[in-house]
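Hi everyone, thanks for making time this morning. I'd like to walk you through one structure, moving from the overall picture to a few individual residues. Have a look while I get started.

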Amino acid sequence: MGPVDSVDTAEALAALLRQLRRRAARRDGGAQLTYRQLSARTGWAHGVIGDYFAGKTLPPTDRFDTLVQLLGATGRELRMLATARDRVEEARRSRTAVNGRTVPPGQDDTGSQPPVPRQLPPDIPGLPGRERELEALDVLRPGLRGAGPAVVALDGPGGVGKSALAVHAAHRLAERFPDGQLYADLRGSHRDERPVPPAVVLRRFLNALGAPRPYPGSAEDAAAAYRTLLTERRVLIVLDNAVDAAQVRPLLPAAHGCAVLVTSLGVLATLNGAAHLHLTPLPPPASVAVLGLWAGPGRLTAEHGAAQVIARHCGHLPLALRIAGARLAARPRWPVRELADRLADPARRLAELSFADLDMYAALAAGHRELQARGPSGRAAALALPLLAAEQGEHGEHGEHGEQRELTVAEAAVTTGGALAATEVILEQLVDVQLLESRAPGRYRFHPLTRLFALRACVIPPAGWSPPGTHARGVAETPR
């Protein structure tokens with residue numbers, strides 16, 4: 001390993017890491033550890049690890065210690081490298097621009113530095129089955145000057161785990177954004193609350209970023225002040241549960257050093273410059289792994305077959321699996337087969353997938369509320385929903401993925417009694433709010449749990465709702 005005492009930049013420290021990596025390969029008589037291999041051993045995003053080795057990001061103390069140990073540093077080297085890392089951080093602070101002026105070495109005026117918000121909700125330990133999506137989110141990084149911010153929009157049906165994935169990815173990537181992480185729940189899918197206006201979120205963000213008061217009165221002026229504050233900062237912004245693109249646009253920065261991660265029920269197709277990531281249910285093996293995370297260590301070992309049945313009845317949706325796992329954890333004396341048998345009855349399945357503050361029905365109801373807000377055309381689609389669900393039947397529910405058979409426009413038109421063109425409009429509206437899936441033009445199907453919801457939930461349920469015990473075969477009254 002080269003000299004350590006003179007290291008005072010992230011690039012020089014990264015050169016030492018690369019030397020350690022090459023030395024470890026020579027000692028082991030094999031190839032150098034790849035970023036993906038290091039990612040598998042540490043749980044960190046492989047793109048972030050690449051930034052460490054390139055000198056783009058200074059690893060936090062705990063991660064730096066873990067990394068050099070994985071690369072075979074001796075005890076003495078660990079101490080020397082830790083000292084070098086601290087020296088790099090001190091040198092970086094000394095060069096930091098504070099309020100438009102450069103602070104000379106030894107005169108770091110930390111009291112006048114702008115605040116660094118750390119607003120992300122607590123992380124979830126792991127997300128089995130989402131490795132591909134986490135790799136795709138690696139595009140969230142500070143960009144080149146003039147390139148604008150990186151924006152990724154996650155969409156998917158209720159309960160598919162959009163918020164959990166967004167928060168987990170944000171924690172993995174947070175070190176790329178040393179000036180902070182902003183988070184706002186925009187409440188676009190919450191049952192008893194209205195979506196949060198952008199002006200309210202802007203005031204919160206301005207406060208977190210240290211903007212002087214009073215804040216600008218108009219939403220346009222507040223958005224301009226917000227973009228100005230972020231001009232030379234590297235900040236990651238997570239906008240959770242957006243109702244539409246109009247709610248998100250005022251919250252987008254213009255700075256190339258920032259990135260934005262948005263979650264929403266439908267596809268925010270009109271959000272300028274956004275990359276879109278569409279979430280689907282988990283693969284069956286990952287579903288059982290998620291169930292085990294919440295049920296507790298070893299709970300599923302003796303009844304793996306029953307666990308697979310539960311995962312299938314949950315439609316491989318992360319929220320349903322989390323609820324089922326929580327119920328098992330709360331009933332340590334229950335055999336796993338007991339919950340599998342309870343979920344086997346379609347008439348009570350949604351009632352069983354409710355525990356404490358988690359409710360699968362409420363998650364699926366978000367799309368139905370969106371339909372009701374769309375006026376006459378949306379209400380027409382809501383009225384057609386239970387008829388379509390009854391028509392599709394339960395064929396294929398007991399397949400490996402719990403998939404339903406596909407429905408054509410012609411079949412749907414016969415069911416609803418409407419013209420083909422009008423029926424297609426209804427079907428496409430149901431796709432927009434994630435109550436139907438369409439994998440090919442003119443062909444549609446329900447997710448198994450969404451179909452059960454459609455048969456029972458023709459109106460927005462009141463507070464304290466509990467699912468009825470029988471199928472609703474007719475069209476229920478739509479609230480006006």
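**A walk through the model**

Let me begin with confidence, since this is a predicted model. The mean pLDDT of the protein is 85, and 88% of its residues reach 70 or more. Two stretches deserve some caution. Residues 394–402 have pLDDT below 50, and this stretch makes 24 contacts in the model beyond near neighbours in sequence. Residues 459–480 are also below 50, with 44 contacts beyond near neighbours in sequence.

Now to the first sheet. Here 5 strands form an open sheet, in the order β4-β5-β6-β3-β7, and the pairing is parallel. Which strands stand at the edges? They are β4 and β7, the latter being residues 275–278. Each has a single partner strand, so one side of each is left without a neighbour in the sheet. On average, neighbouring strands in this sheet are turned by 15° against each other, ignoring direction.

Let's stay with β4 for a moment. Strand β4 covers residues 181–185, and 5 of the 5 are buried, so the strand is largely enclosed by the rest of the structure. Both of its faces are covered: Gln-181, Tyr-183 and Asp-185 are buried on one side, and Leu-182 and Ala-184 are buried on the other. The partner of β4 is β5, residues 236–242; the two run parallel and are joined by 5 bridges. If you want to follow the register on screen, Gln-181 has Leu-236 as its bridge partner in β5, while Tyr-183 has Val-238.

What lies across these strands? Helix α8, residues 198–208, lies across β4 and β5, and runs at about 155° to β4. Helix α7, residues 162–173, lies across β3, β4, β5 and β6, and its angle to β6 is about 165°.

That takes us to the nonpolar interior. The largest nonpolar core has 104 residues, and those touching the most other members are Leu-261, Ile-310, Met-360, Leu-430 and Leu-449. Helix α16, residues 360–372, supplies the largest share of this core, with 7 residues. There is also a second, separate core of 32 residues, which includes Leu-186, Phe-205, Leu-251 and Val-262.

Let me pick out Leu-261 from the largest core. Leaving aside neighbours within four places in sequence, the contacts of Leu-261 include Leu-137, Leu-140, Val-152 and Leu-154. Ala-166, Ala-169, Ile-237, Val-238 and Leu-239 are in contact with Leu-261 as well.

Next, a helix with plenty of company. Which residues of helix α12, residues 304–313, are buried? They are Ala-306, Ala-307, Val-309, Ile-310, Ala-311 and His-313. The elements covering them include α11, α13, α14, α15 and α20. After α12 comes Gly-315, with a positive phi near 65°.

One of those covering helices, α13, gives us a charged residue to look at. Arg-327 lies in α13, residues 318–330. Is Arg-327 buried or exposed? At 13% relative accessibility, Arg-327 counts as buried, because the cut-off for buried is under 20%. Not counting residues up to four places away in sequence, Arg-327 touches Trp-334, Leu-339, Arg-342, Glu-352, Ser-354 and Phe-355.

Thr-42 makes a nice companion example. This residue sits in helix α2, residues 35–42. Thr-42 has a relative accessible area of 19%, so by that under-20% cut-off Thr-42 is buried too. A polar atom of the Thr-42 side chain lies 2.8 Å from the backbone oxygen of Leu-38. Beyond residues up to four places away in sequence, Thr-42 touches Ile-49 and Leu-70.

Last stop: another sheet. This one is open, with 3 strands in the order β10-β12-β11 and antiparallel pairing. The edge strands are β10, residues 407–408, and β11, residues 437–440, each pairing on one side only. Strand β10 is joined to β12, residues 443–445, by 2 bridges, and they run antiparallel. Within that pairing, the bridge partner of Thr-408 in β12 is Arg-443. Helix α19, residues 420–432, packs on the sheet, touching β11 and β12, and its direction makes about 50° with that of β12.

That's my tour. I'm happy to take questions, and we can turn the model on screen as we talk.

Note on methods: Residues are numbered from 1 along each chain as its sequence is written. This is a predicted model: local features need pLDDT of at least 70, side-chain atom pairs count only at pLDDT 80 or more; totals for chains, interfaces and linings use all residues. Side-chain values use heavy atoms; hydrogens and water are left out. Buried means under 20% relative accessible area, exposed over 50%, partly exposed in between (1.4 Å probe, protein chains only). Helices (H or I, at least four residues) and strands (E, at least two) are DSSP runs, numbered from the N terminus. Two strands pair if DSSP finds at least two bridges between them. pLDDT is the predictor's confidence in each residue, from 0 to 100. Contact means heavy atoms within 4.5 Å. A polar contact is a pair of N or O atoms within 3.5 Å; within protein, one must be able to donate a hydrogen and the other to accept it, and residues adjacent in sequence count only if both atoms are side-chain atoms. Axes are lines fitted to C-alpha atoms, for helices over the stretch in contact, and angles run from 0 to 180 degrees between N-to-C directions. A nonpolar core is a set of buried Ala, Val, Leu, Ile, Met, Phe, Trp, Tyr and Cys residues joined through side-chain atoms within 4.5 Å.
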